[in-house]
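Thanks for sending this one over. Here are a few points I jotted down while going through it, in no strict order.

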Amino acid sequence: MENMKNYLNMPEIDLGDVMLRTIKKSDFKDMYEYGSDPEVTKWLSWGPMHRIFEAKKSIKEVFLPRIKRGLPVGYAIVYQANQKMIGTIDFHAKLVTRNAAEIGYCLNRNYWGRGIMTKALKKMIEIGFDDLGYDVIVIKHLHDNIASKRVIEKCGFKFVSQMPYAYQKAHGKLEGMLMCYELNKEAYHGDSSRKGNI
Ligand SMILES: CC(C)(COP(=O)(O)OP(=O)(O)OC[C@H]1O[C@@H](n2cnc3c(N)ncnc32)[C@H](O)[C@@H]1OP(=O)(O)O)[C@@H](O)C(=O)NCCC(=O)NCCS
């Protein structure tokens, strides 16, 4: 993959039923569809969105400025059959002292349970280590978010710590035990079973 250091030009990635491409402003309607679903945002620090303006604002003020922080904008997950934008997966934070980055993700409920996020996360791990050059990839989920826990486990992350978490959202409070996981590049490259088949 060329030009991966040029975060503005992250390549499109074909994963079969879905593809990954950089999030763009025109994704706001599809983002609002899942962002306004309380089941989707139950374990997230944002949402549910109540007005479509919130999706526009999220793309403009959360995703697009990532470039200024030395991170790619983030990938939209697009369902190939209908070209619908059904979710996001992205490096949303950098831990500079460890050359590490943290991944987050979210998917439209109509597409849950088909292995889409596991496939997308495996690809993001490969991009993070092999193209963006991170040494460690970090990921977290709230204890009771079982689907996210499974995705993380299936992608080979190792549990490292947990801490109590509480956050006052715009609509409701989020609390629980935050489960923290890591994967480092040596472990990743040493275990070829996690790669491929995507
Ligand atoms: C978490 C999320 C991204 C998973 O996406 P997905 O494409 O459905 O995930 P996959 O299909 O790849 O894998 C889901 C796994 O969780 C399992 N799972 C889902 N709900 C479960 C439950 N209630 N109990 C046990 N296992 C469950 C599935 O069976 C599957 O595991 P398996 O392959 O071993 O059977 C999706 O549910 C989502 O967007 N949730 C809302 C946003 C969110 O929570 N983001 C993460 C914040 S940390």
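Which residue follows H5, and what is the sign of its phi?

1. To start with that question: the residue is Gly-156, which comes after H5 and has a positive phi, near 90 degrees. Please keep in mind throughout that this is a predicted model.

2. Next, the ligand. Its shell is made up of 20 residues, and the closest include Leu-107, Met-117 and Thr-118, along with Ala-147 and Arg-150. Three elements each supply two or more residues to that shell: strand E5 (100-107), helix H4 (116-131) and helix H5 (146-154). Of the contributions, H5 makes the largest, with five residues. Sorted by class, the residues around the ligand are 12 nonpolar, six polar and two charged.

3. H5 deserves a second look for its packing as well. Its buried residues are Ser-148, Val-151 and Ile-152. Viewed down the helix axis, the buried residues of H5 fall within an arc of 95 degrees, so they line one face of the helix. Their packing partners are H4, strand E6 (136-142) and strand E8 (172-184). H4 thus appears twice in these notes: as a contributor to the ligand shell and as a partner for the buried residues of H5.

4. Now to the helix pair H1 and H3. A packed pair of helices is described by the angle between the axes and the distance between them. Here the axes of helix H1 (residues 28-35) and helix H3 (residues 52-63) come within 8 Å and cross at roughly 115 degrees. The crossing of H1 past H3 is right-handed. On the H1 side the contact uses Phe-28, Met-31, Tyr-32 and Gly-35, while H3 brings Ile-52, Ala-55, Lys-56, Ser-58 and Ile-59. By class, the contact residues are six nonpolar, two polar and one charged.

5. Staying with H1, which of its residues are buried? They are Phe-28, Met-31, Tyr-32, Tyr-34 and Gly-35. The cover over these buried residues includes helix H2 (38-41), H3, strand E4 (84-95) and E5. E5 is also one of the elements that give two or more residues to the ligand shell.

6. Last, a residue in another setting: Glu-186, in helix H6 (residues 185-190). Is Glu-186 buried or exposed? It counts as exposed, because it has 11 C-beta neighbours inside 10 Å, and the cut-off for exposed is 12 or fewer. Glu-186 and Met-117 are 69 residues apart along the chain, and their C-alpha atoms are separated by 23 Å. Met-117 is among the closest residues to the ligand.

Note on methods
Residues numbered from 1 in each chain as written. Predicted model: local features only at pLDDT ≥ 70, side-chain atom pairs only at ≥ 80, totals over all residues. Near = placed C-beta within 6 Å. Helix = DSSP H or I, 4+ residues; strand = E, 2+ residues; numbered from the N terminus. Nonpolar A, V, L, I, M, F, W, Y, C, P; charged D, E, K, R; others polar. Buried ≥ 20, exposed ≤ 12 C-beta atoms within 10 Å, placed from the backbone. Arc of directions from axis to C-beta. Contact = placed C-beta atoms within 7 Å. Axes fitted to C-alpha atoms, helices over the stretch in contact; angles between N-to-C directions. Left-handed = near helix turned anticlockwise from the far one by under 90°.
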